[in-house]
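Please open the model in your viewer and keep the sequence panel beside it. The tour below moves from one selection to the next and says what is there at each stop.

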Amino acid sequence: MEHEINLTVEESDTGKRLDTFLAASCMDLSRSYIQKLIKDQRVEINGNFDVKSKIAVSSSDLITIHLPEPETLTITPQDIPLDILYEDQDVLVVNKPKGMVVHPAPGHYSDTLVNAVMFHCKDNLSGINGVLRPGIVHRIDKDTTGALIVCKNDRSHKCISEQLKAHSITRTYQAIVYHNFSEESGTIDLPIGRHPTDRKKRTVTDKNSKRAVTHYTVLNHLDHQFNHIECRLETGRTHQIRVHMAHIGHPLLGDTVYGPSNVKFKTLQGQTLHAGTIGFVHPTTDEYMEFEAPLPDYFKKLLKNLK
């Protein structure tokens, strides 16, 4: 079924190219995909479909994007071992390893967490997020390890989604970051939106952004260059901890996207970030449950080497 996205241009966006405005407003759509939609006459401005990517938008323009029905894809279950922290008939809590993508995406349809849980759970997964994301109600980055909830039915999915929306789920992370802090704890309350020139990145910005809140505490002072910290998410924006910590001058060790490209540890794969604790109200019992994913070996080895 076709889906529509309706937008109204604000005064501050007057003069922007159509494709630039849409890319900033619709973070889940790439600029190249938006340009294809415009070319295919699936974007209208004030009822007119005969528009080009480079035209300038004006204040109060009414823009509608007509998204085509998604392609039907077959995702194959794969017998990939899962580190299960908890499981019942409603939810599955897993400890995701480093290097594993959570759900299939163009060019990456195998060896994901979804392929693994489809094999493990058979047909017992929620279908709310479609064929590419069965059971997936939230996600963590490929190179982030740790606790993740998978929903086995639509009722559980809706319940967990509501808790995520209300920011009532407990989510704490551990990270190793650059540089000493002037204070042992603090709160970063800065909005995050798409980066203006790199669609794969996020940045702190007031433009087309959403509120993002990260609470941090220093756990250990390591050598002169690094600190071991804990972060508690109040909101859950894409790359939130990585963007926030880099913005205040403490990028994550191993994060070559938001931090230094010359990583001290050459064998390190991506950012040093671990989703250690997750807590939520169970969809059926209404009891609060909390689970802890142990630090992965690579993280523990780094802490030992840096002390």
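Begin by selecting Val93, which stands opposite Ile149 in strand β6. Before going further, note that this is a predicted model, in which local features need pLDDT of at least 70 and side-chain atom pairs count only at pLDDT 80 or more, while totals for chains, interfaces and linings use all residues. Residues are numbered from 1 along each chain as its sequence is written, and side-chain values use heavy atoms, with hydrogens and water left out.

**Strand β5 and its partners**

Extend the selection to β5 (residues 91–96), where helices (H or I, at least four residues) and strands (E, at least two) are DSSP runs numbered from the N terminus. Six of the six residues of β5 are buried, so this strand is largely enclosed by the rest of the structure; buried means under 20% relative accessible area, with exposed over 50% and partly exposed in between, for a 1.4 Å probe and protein chains only. In a regular strand the side chains alternate between the two faces of the sheet. Here Val91, Val93 and Asn95 lie on one side and Leu92, Val94 and Lys96 on the other, and all are buried.

Now add β6 (residues 145–151), which runs antiparallel to β5 and is joined to it by six bridges; two strands pair if DSSP finds at least two bridges between them. Strand β4 (residues 84–87) also pairs with β5 in the antiparallel sense, over three bridges, and the two form a hairpin with three residues between them. To find the register, select Ile84, whose bridge partner in β5 is Val94.

**Strand β7**

Next select β7 (residues 170–178), a mostly covered strand in which eight of the nine residues are buried. Strand β13 (residues 226–233) runs antiparallel to β7 and is joined to it by seven bridges, with Gln174 standing opposite Glu230. Strand β14 (residues 273–281) pairs with β7 in the antiparallel sense over six bridges, and there Arg171 has Ile278 as its bridge partner.

**An open sheet of three strands**

Move on to the open sheet in the order β10-β9-β11, whose pairing is antiparallel. Because β10 (202–204) and β11 (209–210) stand at the edges, each with a single partner strand, one side of each is left without a neighbour in the sheet. Two bridges join β9 (residues 192–194) to β11, and Gly193 can be found opposite Ser209. Helix α5 (residues 240–247) lies across β9 and β10 and runs at about 45° to β10; axes are lines fitted to C-alpha atoms, for helices over the stretch in contact, and angles run from 0 to 180 degrees between N-to-C directions.

**Helices α1 and α2**

For the last stop, select α1 (residues 18–25) and α2 (residues 31–39), whose axes come within 9 Å and cross at roughly 125°. The two helices are therefore oblique to each other, a class left for angles that are not under 35 degrees (roughly parallel), over 145 (roughly antiparallel) or 65 to 115 (roughly perpendicular). Their contact, meaning heavy atoms within 4.5 Å, is made by Leu18, Asp19, Thr20, Leu22 and Ala23 of α1 and by Arg31, Ile34, Gln35 and Ile38 of α2.

Finally, colour the buried residues of α1, namely Leu18, Asp19, Phe21, Leu22 and Ala23. The buried residues of α1 pack against β1 (3–8), α2, β2 (43–45), β3 (62–67) and β9.
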